[in-house]
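Trainee: Could we go through this model together? I would like to know what stands behind the words used for its helices and hollows.

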Amino acid sequence: GHYNNLGIEITTIVLMILGGTNFFVHLMLIRGKIKNVFKHVEIKLLGVLTVIFIPFLVLNMMENASFASALRISSFQFFSAITGTGYQTVDSFVLLPHFFNLVLIIMMVLGAGMGSTAGGMKQYRVALAFKSMYWNIKDQLSHKKTIKTRFINRLGTKTIVEKEEIIQNHSFLMVYILFLVVGTLIFTSYGYSVLDSLFEFASALGTVGLSVGITGYHAVPGIMWTATLGMFFGRLEFYVIFV
């Protein structure tokens, strides 16, 4: 943000996206398997999230900024949040609309691709959760004795999804949400608003680094230790520590 240079920001966005993409997708890209890249479930999800949320962020920002400025800020902060990079081009998130910060919280919680540099829930787990919800609803409406094989597109290949994987996936997401709620409640106990507390702890749990100013050298030990544990558990993804 210090440089206020569009070229630097565009270059950084490209690097953030690459860093937040599964490195096996990079390999497919290098090998020229473009169709496989765009069939990969995480790339599809990132595309959907980008198309849905960036226009809303731009419209939200246009109340106080021009279209070009709103698009520039929204795009940069969206990809910074979802890829867990933590760069910012705005002076403070406190001055931004609540809706804008809420979207960034969602992106920090979702995270980027499996096998990337990012934290968060990871896009594959989120995509699998949505697909399993769809499969479950479909099963409720179809014949009970029908046996179906579930597939998900990973790295351009249709992969069978076992019931055990779906259960483990939901279990991980619930643990993540539980940690997010507990950490947010601890932050609010120190007098901070729910939105600011959620923003700050979502950033810590996803090891993103964006901040509304709660975490810093001035923070009380309770805040510092909560954020530290959030970063530790979030980076190692809970089960490693549990084991």
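What follows is a talk about helix packing, a pocket and cavities in this predicted model.

Trainee: Let's begin with H4 and H6. Why is H4 called roughly antiparallel to H6?

Mentor: Start from the angle: helix H4 (residues 41–61) and helix H6 (residues 98–110) pack at about 155°. Angles over 145 degrees count as roughly antiparallel. The value of about 155° is over that cut-off, so H4 is roughly antiparallel to H6. Their axes are 9 Å apart, and H4 passes H6 in a left-handed crossing.

Trainee: Which residues make the contact of H4 with H6?

Mentor: From H4 come Leu 49, Phe 53, Phe 56, Leu 57, Asn 60 and Met 61, and from H6 come Phe 99, Phe 100, Val 103, Met 107 and Leu 110. By class, that contact has 10 nonpolar residues, 1 polar and no charged.

Trainee: What makes one of them polar?

Mentor: Asn 60 of H4 is part of the contact. Asn is not among the residue types that count as nonpolar or charged, so the definition puts it with the polar ones.

Trainee: Now H7 and H8. What makes H7 oblique to H8?

Mentor: H7 and H8 pack at an angle of about 120°, with their axes 10 Å apart. Roughly perpendicular covers 65 to 115 degrees, and roughly antiparallel needs an angle over 145. About 120° falls in neither range, so H7 is oblique to H8. The crossing of H7 with H8 is left-handed.

Trainee: What makes up the contact of H7 with H8?

Mentor: H7 brings Tyr 124, Arg 125, Leu 128, Ala 129, Ser 132 and Trp 135, while H8 brings Glu 165, Ile 166, Asn 169, His 170, Phe 172 and Leu 173. These divide into 7 nonpolar, 3 polar and 2 charged residues.

Trainee: How do you know that H8 and H9 are oblique to each other?

Mentor: The axes of H8 and helix H9 (residues 194–205) cross at roughly 130° and come within 8 Å. Again, the cut-offs are 115 degrees for roughly perpendicular and 145 for roughly antiparallel. Roughly 130° lies between them, and H8 and H9 are therefore oblique. Here the crossing is right-handed.

Trainee: Which residues of H8 and H9 make that contact?

Mentor: On H8 they are Tyr 176, Phe 179, Leu 180, Gly 183, Thr 184, Phe 187 and Thr 188. On H9 they are Val 194, Ser 197, Leu 198, Glu 200, Phe 201, Ala 202 and Leu 205. The classes are 9 nonpolar, 4 polar and 1 charged.

Trainee: On to the hollows. What is known about the lining of the largest pocket?

Mentor: The largest pocket has a volume of about 410 Å³ and is lined by 18 residues. Nearest its centre lie Asp 139, Lys 148, Arg 150, Lys 163 and Ile 166. Helix H7 (123–141) and helix H8 (163–188) are the elements that give two or more residues to the lining, and H7 gives the most, with 5. The lining has 5 nonpolar, 7 polar and 6 charged residues.

Trainee: How many cavities of 30 Å³ or more does the structure hold?

Mentor: There are 2 of them. The largest cavity has a volume of about 40 Å³, and the second largest has about 30 Å³.

Trainee: Why is a hollow called a cavity and not a pocket?

Mentor: In a cavity a 1.4 Å probe fits but cannot get out, whereas a pocket is open.

Trainee: What lines the largest cavity?

Mentor: Its lining includes Gly 20, Thr 21, Asn 22, His 40 and Glu 42. H4 gives the largest share, 3 residues. By class, the lining has 3 nonpolar, 6 polar and 1 charged residues.

Trainee: And which residues line the second largest cavity?

Mentor: Among them are Ile 17, Phe 79, Ile 82, Thr 83 and Ala 112. That lining has 5 nonpolar, 4 polar and no charged residues.

Definitions and conventions:
Residues numbered from 1 in each chain as written. Predicted model: local features only at pLDDT ≥ 70, side-chain atom pairs only at ≥ 80, totals over all residues. Heavy atoms only, no water. Axes fitted to C-alpha atoms, helices over the stretch in contact; angles between N-to-C directions. Helix = DSSP H or I, 4+ residues; strand = E, 2+ residues; numbered from the N terminus. Parallel < 35°, antiparallel > 145°, perpendicular 65-115°, else oblique. Left-handed = near helix turned anticlockwise from the far one by under 90°. Contact = heavy atoms within 4.5 Å. 1 Å grid on protein atoms, 1.4 Å probe; cavity = no way out; pocket = protein on both sides within 12 Å on 5 of 7 lines; lining within 4 Å. Points joined across faces, edges and corners; volume = space filled by probe spheres on them.
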